[in-house]
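Here are some short exercises to work through with the model open beside you. Try each task before reading its solution.

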Amino acid sequence: MLHPPLAVWGARWRGAGRRIWRRPVGAGAGLERERLMEQEVKISRDLSIRILEAGPDMQQELVDIALNTTEGLDTPQADPYGAVLWPAALVSARALIDLVAEIREKSENFPSVLELGAGTGLVSLTAAAIGCNVIATDFQATTIEILDHAISANNLTKRVSGVPEDEMFERQSGDNDHVTPGHVSTDLFDFSNFDTPLPPGDIVVAADVLYYEPTAKALARRCVEALKRGSYVIVGDKGC
């Protein structure tokens, strides 16, 4: 069983059970959506999540920008990875479901979830679908825009700007057979900027963000911050 201050580290991708359906998103569906691909990802027997990621031409454009940026990967313009689904997100989403189930064995309330470096938002969307209220964060505005589209694609509720955080995180309750989906708040947040405190969340999740050493070190510091305040932590990475 997982209890603070324990963390789930190094969830590894093995490809088992991964079922993905892809289709282009029609032009005119919104800002940049004609350049996105929609995927349906099988999380469990009873749950599939739709995510949006950059299509091939948009991916190439993001890579070209990264290759021609001199500031390094620590700038949003130079990091092309957030607009693409990466393997450990699925493993982390499944680990989250298990952890939520453990927590709910002791309390009928659903824990709140904070995702760092949400990218396409598979983990955040999964958390909301099973009943948790979520803050999904990333340091790229483009990534947040794509995630906002995915919230609508999954018929989830996006938190309206201006609603107080304590209301956002008013914990939901309900039996396991009749779960009301949680709502999702998206926010620009650079977890390597330590002038800004970590947003609230009973569970803090980060998947596929260890590809760059300064980012990995920053995440480790944020994990310590989360564990000290009593949050559970899940970190997923596919390994080498």
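**Exercise 1. Count the aromatic pairs in the structure, then find where a charged end sits over a ring.**

Step 1. The structure holds zero aromatic pairs, where a pair needs ring centres of Phe, Tyr or Trp (its six-membered ring) within 6.5 Å; planes under 30 degrees apart would count as stacked, over 60 as edge-to-face and the rest as tilted.

Step 2. Now look for charges over rings, meaning NZ of Lys or CZ of Arg within 6 Å of the ring centre and within 35 degrees of the ring normal. R104 places its charged end over the ring of F110, 3.8 Å from the centre. R221 does so over the ring of F194, at 3.7 Å from the centre.

A word on the ground rules: this is a predicted model, in which local features need pLDDT of at least 70 and side-chain atom pairs count only at pLDDT 80 or more, while totals for chains, interfaces and linings use all residues. Residues are numbered from 1 along each chain as its sequence is written, and side-chain values use heavy atoms, with hydrogens and water left out.

**Exercise 2. Find the salt bridge between R50 and E40, and say which parts it ties together.**

Step 1. Apply the cut-off: a side-chain nitrogen of Lys or Arg within 4 Å of a carboxyl oxygen of Asp or Glu. Five salt bridges turn up in the whole structure.

Step 2. R50 and E40 form one of them, at 3.5 Å from N to O. R50 belongs to strand β4 (residues 47–54) and E40 to strand β3 (residues 36–44), so the bridge ties together parts ten residues apart in sequence. Strands here are DSSP runs of E with at least two residues, helices are runs of H or I with at least four, and both are numbered from the N terminus.

Step 3. Check the cover. R50 is partly exposed at 31% relative accessible area, and E40 is partly exposed at 30%. The classes are buried under 20%, exposed over 50% and partly exposed in between (1.4 Å probe, protein chains only).

Step 4. Widen the view: E38, E40 and R50 are linked in a salt-bridge network.

**Exercise 3. Which residues of helix α6 meet in a salt bridge, and what does A216 contact?**

Step 1. K217 and E213 meet at 3.0 Å, N to O. Both lie in α6, four residues apart, about one turn of the helix, and both are exposed.

Step 2. A216 also lies in α6 and is partly exposed, at 24% relative accessible area. Leaving aside neighbours within four places in sequence, A216 is in contact (heavy atoms within 4.5 Å) with V209 and L210.

Step 3. Compare sequence with space: A216 and S192 are 24 residues apart in sequence, and their C-alpha atoms are 9.3 Å apart.

**Exercise 4. Is helix α3 mostly covered or mostly open?**

Step 1. Go through residues 122–129: seven of the eight are buried, so by the under-20% cut-off α3 is mostly covered. Among the buried ones are L122, V123 and L125.

Step 2. Just past α3, G131 takes a positive phi of about 120°.

Step 3. For the wider setting, buried residues make up 48% of the 240 residues in the protein, which has six helices and ten strands.
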